[in-house]
Amino acid sequence: MAFKLSISLALLAILVVVVGSEAGGIAVYWGQNGNKGNLVETCATGNYDYVILAFLPAFGNGQTPMINLAGHCDPYSNGCTKLSPDIKSCQAKGIKVMLSIGGGAGSFYLTSKEDAKQVATYLWNNFLGGHSSSRPLGPAVLDGIDFDIEGGTNQHCDDLARFLSAYSKQGKKVPISRSLGRKCTSDRCMELMDFKHPSSKNLPGITCCSVPVADLTSKVLPAIKGSAKYGGVMLWSKHYDDQTGYRKSIKSCV
């Protein structure tokens, strides 16, 4: 996903499925361009309700999961732990910070139900509410996991979602989203998702790649904002959004 989109692309689509939500929000992916603002600056703009860290592109099949945030930090030297205060700063502003697993390029492949369970355990202990001595992002507790399963196969994707969802019973809920994870499409997987891309069943939204601001604000949003499943707009990415100014043009209408 990160490497296929043109600079003109800003919109991915409807984000949140929350019955009874009163207003829409804007989510943005951050991390795959090291030259376009740090996390604190991104959250300080006040333009985003969700910031999705992209990506964790390596997991499953017995390999050690590895985060990749481009030039923002070096995971091999444990350098991404410096982002912990930044994440907490965003959360203190009421912004949800999630981790996206997968992406358009990477090495991820779940070989079995047990493999999916091990990955879920790793995510819980190293990024969510569990405990580990080697948390890649330090002690900050992220607000959920985003599935962007574009490569590989969809095998055991629903198992991974189910195991992650089960951790909600241990305290804080673990929100799970599906953005461009086209391959995570089984009915069971969809049932487990708290946030969904519009290609999900019965979810009104936008499945195109580039929507002119005028069309979005005057035609698309008025047609879908009345749905109880509407929750906002998802943007790829902070870098491209800065270049296009897209969210500035739509924020008052979302």
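**Exercise 1. Characterise the disulfide that involves Cys43, beginning with the burial of Cys43.**

Solution. Cys43 has a relative accessible area of 3% and is buried. The model in which this residue is examined is a predicted one. The partner is found next: a disulfide joins Cys43 to Cys90, with an S to S distance of 2.0 Å. The torsion about the S-S bond is 95 degrees, and the link of Cys43 and Cys90 is right-handed. As to position in the chain, Cys43 lies in helix 1 (residues 39–44) and Cys90 in helix 2 (residues 84–92); the two are 47 residues apart, and the pair links distant parts of the chain. Finally, Cys90 has a relative accessibility of 0% and therefore counts as buried, the cut-off being under 20%.

**Exercise 2. State how many disulfides the structure holds, and describe the one that joins Cys73.**

Solution. The count is two disulfides. Cys73 is joined to Cys80, and their sulfur atoms stand 2.0 Å apart. This link of Cys73 and Cys80 is right-handed, with 85 degrees about the S-S bond. Both Cys73 and Cys80 are buried.

**Exercise 3. Classify Cys253 by its relative accessibility.**

Solution. The value for Cys253 is 25%. Buried requires under 20% and exposed over 50%. Cys253 therefore counts as partly exposed.

**Exercise 4. Analyse the salt bridge between Arg162 and Asp159.**

Solution. The closest N and O atoms of Arg162 and Asp159 are 2.7 Å apart, and the cut-off for a salt bridge is within 4 Å. Both residues belong to helix 4 (residues 157–166); because they are three residues apart there, about one helical turn separates them. Their accessibilities are then considered in turn. Arg162 is partly exposed, at a relative accessible area of 24%, whereas Asp159, at 10%, counts as buried.

**Exercise 5. Determine which residues are joined with Arg247 into one salt-bridge network.**

Solution. The structure holds five salt bridges. One of them is formed by Asp241 and Arg247, whose closest N and O atoms are 3.5 Å apart. The side chain of Arg247 also meets that of Asp242 in a salt bridge, at 3.6 Å from N to O. Through salt bridges that share partners, Lys238, Asp241, Asp242 and Arg247 form one network. Within this group, Arg247 is buried at 6% relative accessibility, and Asp241 is likewise buried. Asp242, by contrast, counts as partly exposed, with a relative accessibility of 27%.

Conventions. Residues are numbered from 1 along each chain as its sequence is written. This is a predicted model: local features need pLDDT of at least 70, side-chain atom pairs count only at pLDDT 80 or more; totals for chains, interfaces and linings use all residues. Side-chain values use heavy atoms; hydrogens and water are left out. Helices (H or I, at least four residues) and strands (E, at least two) are DSSP runs, numbered from the N terminus. Buried means under 20% relative accessible area, exposed over 50%, partly exposed in between (1.4 Å probe, protein chains only). A disulfide is a pair of cysteine sulfur atoms within 2.5 Å.
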